[in-house]
Amino acid sequence: MDSKNVLSIWLVVGFSLLVNGVLILGAGLYELIYPPLHKVVLYEYHASIWWGAILAIIGAIYCLRFGPKRRKG
Amino acid sequence: MRPATMSTSTLVHLSPVDLAIIIFYFALVLAIGFILKKSSGTSEDFFLAGREMTAWVAGLAFLSANLGSLELMGWAGNAYKYGILAAHWYWIGAIPAMLFLALVMMPFYYICKTHSVPGYLKLRFGAGAQTLSSISFAFMTVLMSGVNMYAMAVVMKVVLGWNMHTSIWVSSVTVLAYVALGGLRSAIFNEVLQFFLIWAGALLIPILGLIEAGGWDGMKARILANLTAQGNAQGGSFTHLWSTLGTFEANPMGINWVGIVFGLGAIISMGYWTTDFLVVQRVMTAKDLRSAKLAPIIGANFKMLVPFIVILPGLLGLALLRDGSGNVLKLVSNDLAWNSPQLGLHGYDEVLPLMLARYCGPGLLGLGITALIAGFMSGMAGNVSAFTTVWTYDIYGAMINKNATDEQKVKVGRWCTVWGVIISIVTAYMCKEASSIMDYVQALFSFFIAPLFGTVLLGMLWKRATKAGGFWGLLAGTAASIGMWAWVKLDPGAVRYIAMSTAAQDQAQNMFRALWSCLIGVVVLVVVSFVTEPKSAAELKGLVYGETVIPSEGKFAFYQRPLFWAGVTTLMFVIVNVCFW
């Protein structure tokens, strides 16, 4: 939806997922390099890395699809 | 290896990256409010988001308005307490009602162009029914916002150790800023954002939980073993949806299929999803009739999936949670756990944060906590925006200033938002002083829903229903509901008359109270209607079946029509119920 061409809600969602995904991915990579003293259960699956990457990719797709340039075109 | 939770006074500790994710969320919602202020100049913009939403946005907002954190944490806790029976509130307790709203009731709400459900009552039954409904709704809505605020403060204190005053004031100022600036549009934006955050933050729990438990069968075996070891003979019933509903005693909820099918499926859920203005308002923002009918159907499909991030974590908690010594962790009532922190116990409603802390390291934990905060704030914003609309149109516009200009309505709406938040804060502090107020407010809210459904439904489907019938039916149903609740409070033994069994737990009592109050309201409406003068056919145009021409949805292929997708949704609904029978 374009709110009277002010802001696309999907762009907001995409931006949020992208930023959160990058932060989570970064935290996961940091934990991979410097393993924490107290690990969460199933730490060996490194959920932060792949879940962060999935969120960042989905967010990036939304930003590209619903970004200002695309909407004008 | 141990979960990073058990040895500390608070449930989890946030890292800098977790705090960055939370701060980013607050910055984003405030930015949305400021950007959308430009597009909320008229009353249609401020109160109904310009009626320009697509079916997807309206549908997700419709669902998210109900997907608050009280709901998420409460039902995960109920799944721990009652087992998979809690999923009924997401399936039979939601899907048929959402489809009914889409196909049967939405055309009337949409055609008569009302701004609210009390607004429809005024058109159909006159000012008396509107006044009764709008005052009770406005009052209860704003109290519910305060309950949400208090619940958030408690959860943040228990989970993170945050100061309750800080939680109350930060959340209320943020909600005030974005609703007062952008109106309903801003609230809807945040609801859709919250929907994605909740899935992003919670979906990992069932995935990792099922891996740890050894799949669905492994989880069932662990639940049975844990409950049997605790002396609970009903362990097997925790993972069956229907097969234990033959008698009240065969399941942990103390309910039978009559209560679930008729009390929950036919009355409570129908009342909530079709007449509670908080959720219906979201669908009213749709850009055309086809979108308005599709929106609840889209919402229904996602609603069907919510048990996988709410009910399943509750069941996984029952199967997997251990204390610091490796023994099964037994959760207790919230009151006991939260009022006696020195005992080191955890309440039922903590099962979702406990599971979050079990699997989520830095970053993921921040996202999960952000999703909970977003859910709480969305719950507050939804209640405040619905209160603002009903107050402005059905109380101020109908009783105080009947000739209010568009500009005056927007001004009143913004001030109402301020007052709504102030009353919410007062309610939150009242709950803080006496937490039982929270239970009373939630019980009070339920008094109005079931009788309202009977009144609106007969208003839409029965031409003979009269103005006096509508008013007295609504009043009698509400009074009956309050009366039954008070009766059980004063004499707990009365539950055997109202819920037909002394084994009936709180949820079962709610089901039967709703069923009786709706029936009493309908009987009074019918009897009074037969002895009073009906409206003429011309007056009923656009309000009742038989006197209304439903406009065409336009020329679309069969797979683009609401009826087709309602059929697909029904099929999915049957499949999930059979799968978990």
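No disulfides are found in this predicted model. The count is 0 over all chains. Two cysteines of chain B can be placed by their accessibility. Cys360(B) is buried, with a relative accessible area of 3%. Cys518(B) is also buried, at 5%. Both values count as buried because the cut-off is under 20% relative accessible area.

Thr417(B) belongs to helix H18 of chain B, which covers residues 406-433. The relative accessible area of Thr417(B) is 0%. Thr417(B) is therefore classed as buried. Its surroundings were examined with neighbours within four places in sequence left aside. Under that condition, Thr417(B) is in contact with Phe46(B), Leu176(B), Val179(B), Ala180(B), Val384(B) and Thr388(B). Among these partners, Phe46(B), Leu176(B), Val179(B), Ala180(B) and Val384(B) are nonpolar. Thr388(B) counts as polar.

Chain A has 73 residues. Its secondary structure consists of 3 helices and 0 strands. Along the sequence, the pattern reads α-α-α. Buried residues make up 42% of chain A. Contacts in chain A with a separation of 6 or more were also sorted by distance in sequence. Of these, 69% join residues 24 or more positions apart.

The interface of chain A and chain B was then examined. Chain A contributes 34 residues to the contact, and chain B contributes 42 residues. The two chains bury about 3400 Å² between them. Carbon and sulfur atoms account for 80% of that area. The rule finds 0 salt bridges across this interface. Polar contact is found for 2 residue pairs, both at pLDDT 80 or more. On the side of chain A that touches chain B, two or more residues come from each of helix H1 (9-33) and helix H2 (47-66) of chain A. H1(A) gives the largest share of this side, with 13 residues. By residue class, the side of chain A that touches chain B divides into 23 nonpolar, 6 polar and 5 charged.

In outline, the interface of chain A and chain B buries about 3400 Å², 80% of it on carbon and sulfur atoms. The side of chain A that touches chain B includes 23 nonpolar residues. Salt bridges across the interface number 0. Within chain B, Thr417(B) in helix H18 is buried, as are Cys360(B) and Cys518(B).

Terms used: Residues numbered from 1 in each chain as written. Chains lettered and ligands numbered in written order. Predicted model: local features only at pLDDT ≥ 70, side-chain atom pairs only at ≥ 80, totals over all residues. Heavy atoms only, no water. Disulfide = S-S within 2.5 Å. Buried < 20%, exposed > 50% of the residue type's maximum accessible area, 1.4 Å probe, protein only. Helix = DSSP H or I, 4+ residues; strand = E, 2+ residues; numbered from the N terminus. Contact = heavy atoms within 4.5 Å. Buried area = accessible area lost by both parts, 1.4 Å probe. Salt bridge = Lys/Arg side-chain N within 4 Å of Asp/Glu carboxyl O. Polar contact = N/O pair within 3.5 Å; in protein donor to acceptor, adjacent residues only side chain to side chain.
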